[in-house]
Structures are given as C-alpha cells and as structure tokens.
Amino acid sequence: MMRHLIAGRFGSDDQIHIPSATDEQVTRLELVAGEKSLDHGIDGALTSLKNLKIFPTEIGLDLLIVAAHVHAADTRISRVEQSQDSWTREIRIVVPVSDPTRWKSAAGTLICMLDFLTGDRWSIGFRSRPKRFGSIIKSQTTLLPSTFDGLSLFSGGLDSLIGAIDLLENGHIPLLISHAGDSASSDAQNKLFAKIKNHYPSSSFDRLRLPMGFAEGLVEGVGSENTTRGRSFLFFALGVFAGTGLGSQFMLRVPENGLIALNVPLDPLRLGSNSTRTTHPFYMARWNDLLAELGIDGKVENPFWDKTKGEMVASCANEALLRSIANDSLSCSSPASGRWQGLQGHGIEHCGHCLPCLIRRASLDAAWGSGSDPTVYTVSDLRSHPLDTKGSTGKQVRSFQFAIERLRKRPDLARLLIHKPGSLADEIDRHDQLADVYRRGLNEVAQLIDGVTTKPI
C-alpha cells in the first residue's frame with residue numbers, strides 16, 4: 001500500500017522536477033496528444049464549445065484539467081489494494097495551471113470538498129503550465145452574445161430530464177452538460193437528448209458531452225476502482241468550464257431531488273464511505289466558495305433541493321412529454337443486471353431493488369398512481385416472494401424499512417439525522433425544510449414497500 005502522486009505533464013518535453021516522498025508512487029498523467037492537442041476529451045470539448053461560439057476562460061480550462069487529475073486518481077487507484085481500511089486512499093496531485101498563485105489561494109477549499117466527496121485524504125499542488133501552453137484558449141470577440149442563458153447537468157437520469165424539460169417549457173435556452181461514462185448512462189443521455197430535441201425543434205438549446213476515461217494500468221501495478229465517488233467533481237467542473245464562456249453571473253443547475261441530495265444513511269452501517277455526497281448541500285456550498293476564490297462569476301444550485309422525487313415528477317412542466325420518454329431515463333446503480341435477465345429491447349434496464357431504483361419506483365407511483373410506471377424492472381414485483389436481505393435484492397428494501405420504522409417512532413429524529421452525511425452549517429435557514437423533505441421522501445418509499453417481506457435467505 002502506497003501513497004500516490006498523480007503529476008500532470010504537458011507533453012514529453014515537460015520535465016520539470018516534482019519532488020516526491022520515498023513512500024509515494026508517482027504516476028505521470030499525460031495531458032497532450034500529439035504536439036499540442038489536449039487529451040482525454042478536453043480538446044474535443046473545446047472544439048464543441050467553439051462551434052457553439054462559447055470560449056471558456058483559461059481558469060475554466062484549468063478547472064477541467066484539475067478534474068481530469070481527480071478523475072484519473074479516483075478511478076485508477078484501487079481502494080482495497082491501496083488503503084489501510086479498504087477505503088481511504090492518500091492521494092496527491094500536482095496540476096499545471098495558467099495561474100498557480102490564484103489556484104494556491106483556493107487549495108484549502110478544494111481539498112475540503114474532495115475529502116468530503118470521496119472520503120480520501122487529498123493533497124494538491126500547482127505549478128505553471130509550460131510556456132508553449134501558457135495560453136490555450138483562442139478567444140474570439142463577437143458582436144452577438146451567446147444564445148444560452150444557463151447550464152444544466154444532464155446525466156440521463158429522471159431528475160436531470162425533469163430539470164431540462166422545466167427549463168425548456170419556461171422559455172430558457174440551456175446548454176446541457178453530460179459526462180459520457182458507462183454505456184448505459186451514455187445510451188440514456190443520447191436517447192433523451194434526441195427526443196427532447198425533436199419535441200422542441202424551435203429551441204436552440206444544445207449539449208456539451210465529454211467522454212473522459214483512463215486506461216487500465218495507468219497507475220503501474222495497481223488495480224482500478226469502480227466506486228467513482230469523485231465523478232460529480234468532473235461533472236460539475238465540466239459545467240463550470242463551459243459556464244466561464246457564457247459571460248458573467250452564469251448559473252449551473254444541478255437537478256437532484258432532496259432525498260438523494262441529503263442521502264441520509266438508512267441504517268448505522270451506511271455512515272462514511274457508504275453514504276455518497278455527490279450533491280450534498282455542504283459539497284455544493286464549497287463549490288460556490290471555490291468559484292468565488294478563483295474569481296469565476298458563476299454559481300451552482302440545485303433547484304429541487306426542497307422536493308422529493310415524486311414531487312418533481314408531479315410538478316414537471318410537461319407531464320405528457322415526461323410520461324412518453326421517462327422509460328428512456330436511467331436511475332439504476334446496476335443496469336447490467338437487466339441484461340443478465342434477458343431484458344434487452346425493453347428500454348433502459350433497471351434492477352428494481354437498488355436504492356435509486358426504489359426511490360424512482362416510489363416517485364412514479366406517488367406522482368402517477370400505482371401501476372403507471374413504464375419502467376421495466378428485473379424484480380418487477382417486490383411482494384411476490386420474500387426478498388433476501390443477505391443478497392442485493394432485499395438489502396436496500398430492508399434498510400429503508402429500518403429507516404422508516406425509526407422515523408415513525410421518533411419523527412423528531414429527522415432534524416438530527418439529516419446531519420449524518422455531513423455538516424449542514426451553511427443551511428441553517430433551510431434546516432426545517434431539509435428535515436421535512438427527508439420525512440416526505442421516506443414516506444414515498446414507505447408507500448411503495450408497504451407489505452414487502454424481507455428476511456435472510
């Protein structure tokens with residue numbers, strides 16, 4: 001087990017010495033393909049934005065390059081192999097940027113948000129880009145401002161679909177932001193984007209899509225990691241990167257229901273590493289701190305922080321459209337399980353029993369009535385037989401049952417439990433509303449799993 005250093009390099013001639021400790025394994029992250037094209041999808045993103053007449057700032061580009069380092073480390077350093085507790089890794093990144101002084105002043109906030117997001121221990125250093133890469137963005141002046149009036153993350157999930165529909169129905173022209181990850185999420189993104197493009201032919205909204213991945217074996221002798229707790233950092237960074245080209249005071253919307261955003265541990269075993277924080281209010285507040293410290297005139301916000309997923313579905317600005325294409329959205333954390341059961345050809349596959357699937361099922365039942373959910377689930381009927389709590393089919397249901405019963409006996413616990421995934425010190429004015437959305441979200445799931453039997457099998 002080693003501490004790890006990921007050192008970014010701009011080409012083979014970038015040989016500046018970066019000191020390392022004797023117990024640090026050093027990995028070179030090559031950022032350039034060929035002579036001057038940026039690698040890992042970054043050059044393609046710049047070209048896509050140029051075609052949309054959007055020219056991000058050098059600081060915006062720096063942020064995306066920082067995110068590439070984070071994503072490489074997060075996905076190519078095995079937690080089991082490279083940590084003392086099978087979770088917490090020690091990672092240092094050294095990033096070549098356009099303005100090291102500005103970045104060093106923001107390093108504390110950056111480390112805070114990454115530690116919180118991933119559960120690892122991060123250390124971050126900055127150095128100047130090599131001279132020939134000192135200025136990469138080819139800024140162009142135009143008499144016409146950008147047609148886009150904001151940005152919205154577009155993951156292929158139901159929440160991000162609702163976010164896009166609401167913006168379009170209210171006359172906005174958003175630039176949708178997608179990270180092309182696994183094939184299932186990419187498939188969902190592509191299908192949904194094509195269908196909403198077809199439904200709003202007169203709107204000039206568009207999408208920026210970044211395929212970023214790193215080869216197996218990037219870190220020599222170390223296995224890869226599939227928990228991807230840091231993925232949302234790349235997703236947010238891509239949105240901000242594009243936003244810096246929209247001018248001042250841009251808004252990046254992060255559509256996520258309040259129950260998932262809080263992600264309160266359902267049982268005592270889910271603290272820490274078992275509780276994701278991808279859109280947690282504390283994490284999002286740190287993003288806005290970071291943007292301010294970097295001098296980026298923009299903000300990130302979750303417009304649905306006070307709604308359950310069912311309330312999002314019910315209040316969607318175009319219910320008919322949502323009903324017609326919801327089946328192409330992806331909520332499942334294990335979509336491959338549908339393929340194992342021979343469910344290909346039925347739209348996007350969903351297992352039906354993971355945590356996001358249960359919340360999805362509950363939300364569609366709550367909004368449209370039982371039996372109206374068009375999604376095909378591997379486990380189609382939760383009540384047909386007892387669900388195995390020793391296996392995946394019953395584990396999440398049992399955890400929800402525990403959380404629901406705990407809150408039924410002590411409704412006042414909601415105010416305490418919402419702090420379990422992390423501090424809500426920034427949210428003092430919204431504390432009661434956050435506790436209430438947690439209660440309402442659990443109540444939606446309670447209606448779904450009422451009468452479901454779980455036991456060890």
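The exercises below concern a helix, some aromatic rings and a cavity in a predicted model.

**Exercise 1. Determine how far helix α13 reaches and whether its residues are largely enclosed or not.**

Step 1. Helix α13 covers residues 355–368, which is 14 residues.

Step 2. From its first C-alpha to its last, α13 reaches 20 Å, close to the 20 Å expected at 1.5 Å a residue.

Step 3. A residue is buried when its relative accessible area is under 20%. Ten of the 14 residues of α13 are buried, so the helix is largely enclosed by the rest of the structure. Among them are Leu355, Ile359, Arg361 and Trp368.

Step 4. The partners of these buried residues are α5 (158–169), α8 (258–262), α10 (309–314), α11 (319–325), α14 (392–409) and α16 (431–449).

Step 5. After the helix comes Gly369, with a positive phi near 95 degrees.

**Exercise 2. Classify the ring pair of Phe193 and Phe205, and place both residues in the chain.**

Step 1. A pair of aromatic rings is described by the distance of the centres and the angle of the planes. For Phe193 and Phe205 the centres are 5.8 Å apart and the planes stand at 75 degrees.

Step 2. Planes over 60 degrees apart count as edge-to-face. At 75 degrees, the pair is therefore edge-to-face.

Step 3. Phe193 belongs to helix α6 (residues 183–199), while Phe205 is in the loop between α6 and β9 (206–210); the two are twelve residues apart.

Step 4. Phe193 counts as buried because its relative accessibility is 12%. Phe205, at 0%, is buried as well.

Step 5. The whole structure holds seven aromatic pairs. One aromatic cluster is formed by Phe233, Phe236, Tyr283 and Trp287.

**Exercise 3. Find the rings over which Arg286 and Arg361 lie.**

Step 1. The charged end of Arg286 is placed over the ring of Phe282, 4.5 Å from its centre.

Step 2. Arg361 lies over the face of Tyr377, at 4.2 Å from the ring centre. Arg361 is also one of the buried residues of α13.

**Exercise 4. Count the cavities of 30 Å³ or more, and identify what lines the largest cavity.**

Step 1. Rolling a probe the size of a water molecule over the atoms shows where empty space is left. The count comes to one cavity of 30 Å³ or more.

Step 2. The volume of the largest cavity is about 60 Å³.

Step 3. Its lining consists of Leu259, Ile260, Asn263, Val264, Leu266, Leu355, Ile359 and Phe400.

Step 4. The elements giving two or more residues to this lining are α8 and α13. Leu355 and Ile359 are among the buried residues of α13.

Technical notes: Residues numbered from 1 in each chain as written. Predicted model: local features only at pLDDT ≥ 70, side-chain atom pairs only at ≥ 80, totals over all residues. Heavy atoms only, no water. Helix = DSSP H or I, 4+ residues; strand = E, 2+ residues; numbered from the N terminus. Expected span 1.5 Å × (residues − 1). Buried < 20%, exposed > 50% of the residue type's maximum accessible area, 1.4 Å probe, protein only. Contact = heavy atoms within 4.5 Å. Phe/Tyr/Trp six-rings, centres within 6.5 Å; stacked < 30°, edge-to-face > 60°. Lys NZ or Arg CZ within 6 Å of the ring centre and 35° of its normal. 1 Å grid on protein atoms, 1.4 Å probe; cavity = no way out; pocket = protein on both sides within 12 Å on 5 of 7 lines; lining within 4 Å. Points joined across faces, edges and corners; volume = space filled by probe spheres on them.
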